[in-house]
Amino acid sequence: MWKVVQGRIPSFSELLKRGVKVPSAGKCFLCSMLVETVEHLFCHCSMVWRVWQKWVNLWKLNLVMPGDFKSFMWWWNSQIISSAQKPFWWMSFFGIVWTIWLCRNDLVFNLKGCKADTIFDLALVRIGFWCKSKWLDMPFSISEFVRNPILCGSLQASIRRQRAKLGPIIWPGDNADSVPKGWEFPTEGKRLKIGNYDAVVGDVTIVANRSLFVDFTLPYTESGVSMLVPIRDNKKKNALVENNEEVAND
Ligand SMILES: [Zn+2]
């Protein structure tokens with residue numbers, strides 16, 4: 001992130017300055033209108049601007065984009081008053097910046113089209129994942145988060161606020177320093193299993209009926225389809241061209 005603040009990401013105008021030959025005359029990959037600078041890519045690009053606007057509109061805030069990235073961060077920092085909300089607010093900032101960067105790279109290397117809505121949706125999923133992995137016991141799923149990020153954001157803030165009010169655990173016998181015997185989890189024996197499964201990891205087809213019972217997480221990366229097939233290798237090892245027909249007929 002510091003590299004972005006310093007303007008050090010090798011965006012195309014930078015590469016041009018250093019004499020590196022780049023395609024499309026250094027134009028921004030997202031809008032293909034203007035030269036790609038750090039300021040353009042993360043603040044002023046029309047596509048990126050729509051992404052920021054969508055997020056900021058959810059919070060009913062008015063964003064007048066400052067001239068440079070550093071001032072934009074200052075603006076961001078000055079927006080949320082509640083300190084309990086701040087970690088989430090900043091997480092959303094970095095989630096959006098990181099998603100913009102990944103989408104831009106995807107365009108550079110894969111030359112696939114990208115829309116502001118796509119960047120926004122990807123950013124939401126990413127922020128949701130970050131939120132759930134930072135605050136492990138958040139009582140919402142990724143899909144609930146995507147549907148209402150503001151509500152989930154304030155929910156996690158209020159939970160954290162409540163937690164901060166709780167004192168340390170006083171174990172029976174007014175013992176605050178060590179956990180008495182009998183309160184530890186046994187290390188032997190089978191663990192308690194509630195229901196059939198808590199989670200399934202793998203290729204699970206999302207069907208309407210299943211989505212009534214479980215929450216499906218969305219794939220982070222693009223999946224490729226590949227096939228693993230056994231090779232029948234019972235031919236003579238010194239067989240040359242004449243065997244090809246035989247193989248084809250198998
Ligand atoms: Zn652009």
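# Briefing: an all-helix predicted model

Among the elements of the protein, helix 4 (residues 46–58) has the highest mean pLDDT, 94, and helix 10 (residues 244–249) the lowest, 47. The model is a predicted one, with a mean pLDDT of 77 and 65% of residues at 70 or more. The protein has 10 helices and 0 strands. Its largest nonpolar core has 30 residues, and helix 7 gives the largest share of that core, 7 residues.

**Confidence**

- Over residues 242–250 the pLDDT stays under 50.
- For that stretch, the model has 2 contacts beyond four places in sequence.
- Helix 10, at residues 244–249, has a mean pLDDT of 47.
- Where pLDDT is low, predicted coordinates should not be read in detail.

**Overall make-up**

- The order of elements from the N terminus is α-α-α-α-α-α-α-α-α-α.
- Of the 250 residues in the protein, 19% are buried.
- Taking contacts between residues at least 6 apart in sequence, 48% join residues at least 24 apart.

**Nonpolar core**

- Within the 30-residue core, V48, V51 and I100 have the most contacts.
- Two or more residues of this core come from each of helix 3 (38–44), helix 4, helix 5 (69–77), helix 6 (86–110), helix 7 (116–134), helix 8 (142–147) and helix 9 (149–165).
- Helix 7 contributes 7 residues, the largest share.
- Beyond its neighbours within four places in sequence, V48 is in contact with L30, L41, F42, C43 and I100.
- As general background, nonpolar side chains tend to be buried together in soluble globular proteins.

**Helix 4 against helix 6**

- The two helices pack at an angle of about 155°, and their axes are 11 Å apart.
- Angles over 145 degrees count as roughly antiparallel, so helix 4 and helix 6 are roughly antiparallel to each other.
- The crossing in which helix 4 passes helix 6 is right-handed.
- On the helix 4 side, the residues that meet helix 6 are V48, V51, W52 and W55.
- Their counterparts in helix 6 are S92, I96 and I100.

**Helix 4 against helix 7**

- The axes of helix 4 and helix 7 come within 8 Å and cross at roughly 45°.
- This pair is therefore oblique.
- Helix 4 passes helix 7 in a right-handed crossing.
- M47, R50, V51 and K54 are the helix 4 residues that meet helix 7.
- From helix 7, the residues at this contact are A116, I119, F120 and A123.
- V51 meets residues of helix 6 and also residues of helix 7.

**Helix 6 against helix 7**

- The axes of helix 6 and helix 7 come within 8 Å, with a crossing angle of roughly 130°.
- That angle makes helix 6 oblique to helix 7.
- The crossing of these two helices is right-handed.
- Helix 6 brings F88, M91, S92, G95, I96, W98, T99, I100 and C103 to the contact.
- Helix 7 brings I119, L122, A123, R126, I127, W130 and C131.
- S92, I96 and I100 in helix 6 meet residues of helix 4 as well as residues of helix 7.
- In helix 7, I119 and A123 meet residues of helix 4 and residues of helix 6.

**Loop residue K115**

- K115 is placed in the loop between helix 6 and helix 7.
- K115 counts as partly exposed because it has 13 C-beta neighbours inside 10 Å.
- Although K115 and V48 are 67 residues apart in sequence, their C-alpha atoms are 9.4 Å apart in space.

**Loop residues with positive phi**

- Most residues other than glycine have a negative phi.
- S32 is a residue other than glycine whose phi is positive, near 45°.
- The position of S32 is in the loop between helix 2 (12–17) and helix 3.
- With 12 other C-beta atoms within 10 Å, S32 is exposed, since the cut-off for exposed is 12 or fewer.
- K60, which is not a glycine, has a positive phi of about 55°.
- K60 lies in the loop between helix 4 and helix 5.
- K60 is exposed, because 7 other C-beta atoms lie within 10 Å.

Notes. Residues are numbered from 1 along each chain as its sequence is written. This is a predicted model: local features need pLDDT of at least 70, side-chain atom pairs count only at pLDDT 80 or more; totals for chains, interfaces and linings use all residues. pLDDT is the predictor's confidence in each residue, from 0 to 100. Two residues are in contact if their C-beta atoms, placed from the backbone, lie within 7 Å. A nonpolar core is a set of buried Ala, Val, Leu, Ile, Met, Phe, Trp, Tyr and Cys residues joined through C-beta atoms within 7 Å. A residue is buried if 20 or more other C-beta atoms lie within 10 Å of its own, exposed if 12 or fewer, and partly exposed in between; C-beta atoms are placed from the backbone. Axes are lines fitted to C-alpha atoms, for helices over the stretch in contact, and angles run from 0 to 180 degrees between N-to-C directions. Angles under 35 degrees count as roughly parallel, over 145 as roughly antiparallel, 65 to 115 as roughly perpendicular and the rest as oblique. A crossing is left-handed if the near helix is turned anticlockwise from the far one by less than a right angle, and right-handed if clockwise.
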